[in-house]
Amino acid sequence: MFTVLKVARLPDMLSEGLHARYEVLECSESGSELDASKARGIRALVANGESRVRADLIGRLPDLQVIVVFGVGYDGIDVAAARARGIVVTHTPDVLTEDVADFAITLMLGTARRIAKADQFVRSGQWQQGAVRFYPQGQRGAAGHRWPGADRHGDCPARGGVRHAHQLPRASSAGG
């Protein structure tokens, strides 16, 4: 059976999948508790993006073929030591790119709209004493302003925005 060395905490779903398919040995990143008899036969090492896999551990695994990093980063892996032995190092690039971008936009909107302050206002019951102004006088939108020429919906036909039906030229009744 294929033997895998797991040196990091992984989500339960992944750990269960590994244990169902492979013989899995677990140890610390240093591998100090791993004796030579157990080290022989380990063909894969599984880590996460925060793991440190150093040359000394790689050197103690004579049958190692691949280091699998569950995460985007592999800064903690001694890639030079792996490369010198012909060991493949994998990771999961770009899996979080869109999520990070979404979160950045969410944080910008939350900051611009003062969502945390509004949440505290509601949760503390202060809303019962009346409204409070969360924005400086005249501020509108996440950017704090409207485009010049924008209609009340924020659309600006001059900048390629949406044109509403009442803004479109009417077809003549004779021309169809």
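**Entry 1: the aromatic pair**

I looked up Tyr22 and found it partly exposed, with a relative accessible area of 31%. This is a predicted model, so I read each value here as computed. Tyr22 sits in the loop between helix H1 (12-21) and strand S2 (23-26).

How many aromatic pairs does the structure hold? I noted 1. The pair is made of Phe2 and Tyr22, with ring centres 5.4 Å apart. Their planes stand at 55°, so I entered the pair as tilted; edge-to-face would need an angle over 60 degrees.

I then checked Phe2, which counts as partly exposed at 25% relative accessibility. For a residue to be buried, the value would have to be under 20%. Phe2 belongs to the segment before strand S1 (3-6). The pair therefore ties together parts that are 20 residues apart in sequence.

**Entry 2: the sheet**

I followed the strands next and found an open sheet of 5 strands. The order is S2-S1-S3-S4-S5, and the pairing is parallel. Which strands are at the edges? They are S2 and strand S5 (88-90), each of which pairs on one side only. From one strand to the next, I noted a twist that averages 20°.

I looked at S4 and S5 in particular: they run parallel and are joined by 3 bridges. In a separate check I found Val68 opposite Thr90, a residue of S5.

I also placed helix H1 against the sheet strands. H1 lies across S1, S2, S3 and S4, and its direction is at about 125° to S2.

**Entry 3: the nonpolar cores**

I turned to the buried nonpolar residues. The largest nonpolar core has 20 residues. Which of them touch the most other members? I listed Leu5, Leu45, Val53, Leu61 and Ile67.

Two or more residues of this core come from each of strand S3 (42-48), helix H3 (55-59), strand S4 (66-70) and helix H4 (79-84). S3 gives the largest share, 3 residues.

I picked Leu45 for a closer look and left aside its neighbours within four places in sequence. Leu45 is in contact with Leu5, Val7, Val53, Leu57 and Leu61, among others. The list of its contacts also includes Leu64, Val66, Ile67 and Val68.

Apart from the largest core lies another, of 6 residues. Among its members I wrote down Val4, Leu10, Leu18 and Ala44. As a general remark, nonpolar side chains tend to be buried together in soluble globular proteins.

Definitions and conventions
Residues numbered from 1 in each chain as written. Predicted model: local features only at pLDDT ≥ 70, side-chain atom pairs only at ≥ 80, totals over all residues. Heavy atoms only, no water. Core = buried A, V, L, I, M, F, W, Y, C linked by side-chain atoms within 4.5 Å. Buried < 20%, exposed > 50% of the residue type's maximum accessible area, 1.4 Å probe, protein only. Helix = DSSP H or I, 4+ residues; strand = E, 2+ residues; numbered from the N terminus. Contact = heavy atoms within 4.5 Å. Phe/Tyr/Trp six-rings, centres within 6.5 Å; stacked < 30°, edge-to-face > 60°. Pairing = 2+ DSSP bridges. Axes fitted to C-alpha atoms, helices over the stretch in contact; angles between N-to-C directions.
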